[in-house]
Amino acid sequence: MTSSKPEEPGRLQSTFQGADFTAHGSKWDALWKESYTPWDRGGPSLALADLVRENKALFPAAAAGRDGKRRTALVPGCGRGYDVLLLSALGYDVVGLDYSDQAVREAAANEESVREGKNKEIYDAVSVAERGAVTWVQGDFFDDAWLDKVGRREFDVIFDYTFFCALPPEARPKWAKRMASLLAPDTGRLVCLEWPLAKDPSTGGPPWGLSAETYVAHLGHPGEEIRYSEDDKPLAEEVQRPATEAGLKRLARVQPSRTHKPGYDSDGKVIDFISVWSH
C-alpha cells in the first residue's frame, strides 16, 4: 500500500478554496493519486465498535436478522475501508463507497492486508461467527449509478465520519436529503461520529468545523436551506423548529470512551461525540 505524506499546513484548504462543488470529487481523487491523505486514521473506529456492541437496543435490525436476511451497511467516503471491514466483522453486508478509484483500490488492498494480520486484534475483538460480505464501489454519493452497481436502494446502518465535514456548507442540505433517502425507513440507523467539534466553523475547510446543532438542523429538515448566524452556526430557531415528516430524529448522542487520536484534546480527554439517527 502507498504510504501517506505528512500533512502540509493549509493544503486541504488551499486545494478546495473557491472551487465549485462539482469539482470537489476530482480534487479528492487527485489527492489520493498523489498519496496525500492526512485524513487517514490507520485503523477502524473504536467508538463505532463500542457503540454497536454495547447499545444493542439502538440497533433493532441486528446484523443477523431473525428473518434470516443479512442486514446491510454503507460507509460513504470510505477511504481505505477500515470501518467497512469493522462493520463486516460485526456481521453486516457492507458497501464501501468512494469517489476516488484510487481509494477503492487501496481499500481492496487494505482488506487483503487485514486477512494477513493487519489490525487483526481489533477486528477479532468484535468479530461474529459469520462476517458480512464486503463490496467496494467507486461512485458519486449523490448519484444513483453506484446504487445500480450494488443492487441496493436503502441500508440498515450508515456510518458517517470525516465525510460530512469534508463537504462545503452549501452541500449540507443535499447531504441530509441523500442520507434520509438511503436509510431504511423502519429500523435504519445513521451513525455520525461528530468531528471536528473543536474547530471554529468560520475558519473554513475541509474539514469544516461542526457542532451538534449543525447535525440537528440539517437532518431534521433534509434538503432545506438552513439559515446560519455570522459565526457560521445554525440559527437557534432552525435547530429548535420541529423536524419535517421526511426528517431524521436523534435517538442518542453519547461521548465515546475511546476514539481516534484527533478526537482527544491536548490533555488526553475525549472531545468527540457520536450520534444515532432514525426516520
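Me: How many bridges join E2 to strand E3?
Reply: This is a predicted model, where local features need pLDDT of at least 70, side-chain atom pairs count only at pLDDT 80 or more, and totals for chains, interfaces and linings use all residues. Numbering starts from 1 along each chain as its sequence is written, and side-chain values use heavy atoms, with hydrogens and water left out. Strands (E, at least two residues) and helices (H or I, at least four) are DSSP runs numbered from the N terminus, and two strands pair if DSSP finds at least two bridges between them. E2 and E3 (residues 134-138) run parallel, and Asp 98 stands opposite Gln 138 in E3; the bridges joining these strands number 5.

Me: Which residue of E2 is the bridge partner of Thr 72?
Reply: Strand E1 (residues 72-76) pairs with E2 in the parallel sense, over 5 bridges. In E2, the partner of Thr 72 is Asp 93.

Me: Is strand E2 (residues 93-98) largely enclosed or exposed?
Reply: Asp 93, Val 95 and Leu 97 point one way, Val 94, Gly 96 and Asp 98 the other, and all are buried (under 20% relative accessible area, with exposed over 50% and partly exposed in between; 1.4 Å probe, protein chains only). That makes 6 of the 6 residues buried, so E2 is largely enclosed.

Me: Which strands do the buried residues of H9 pack against?
Reply: In helix H9 (residues 212-219), 6 of the 8 residues are buried, so the rest of the structure largely encloses H9. Among them are Tyr 215 and His 218. Their packing partners (contact means heavy atoms within 4.5 Å) include helices H8 and H10, and the strands are E5, E6 and E7.
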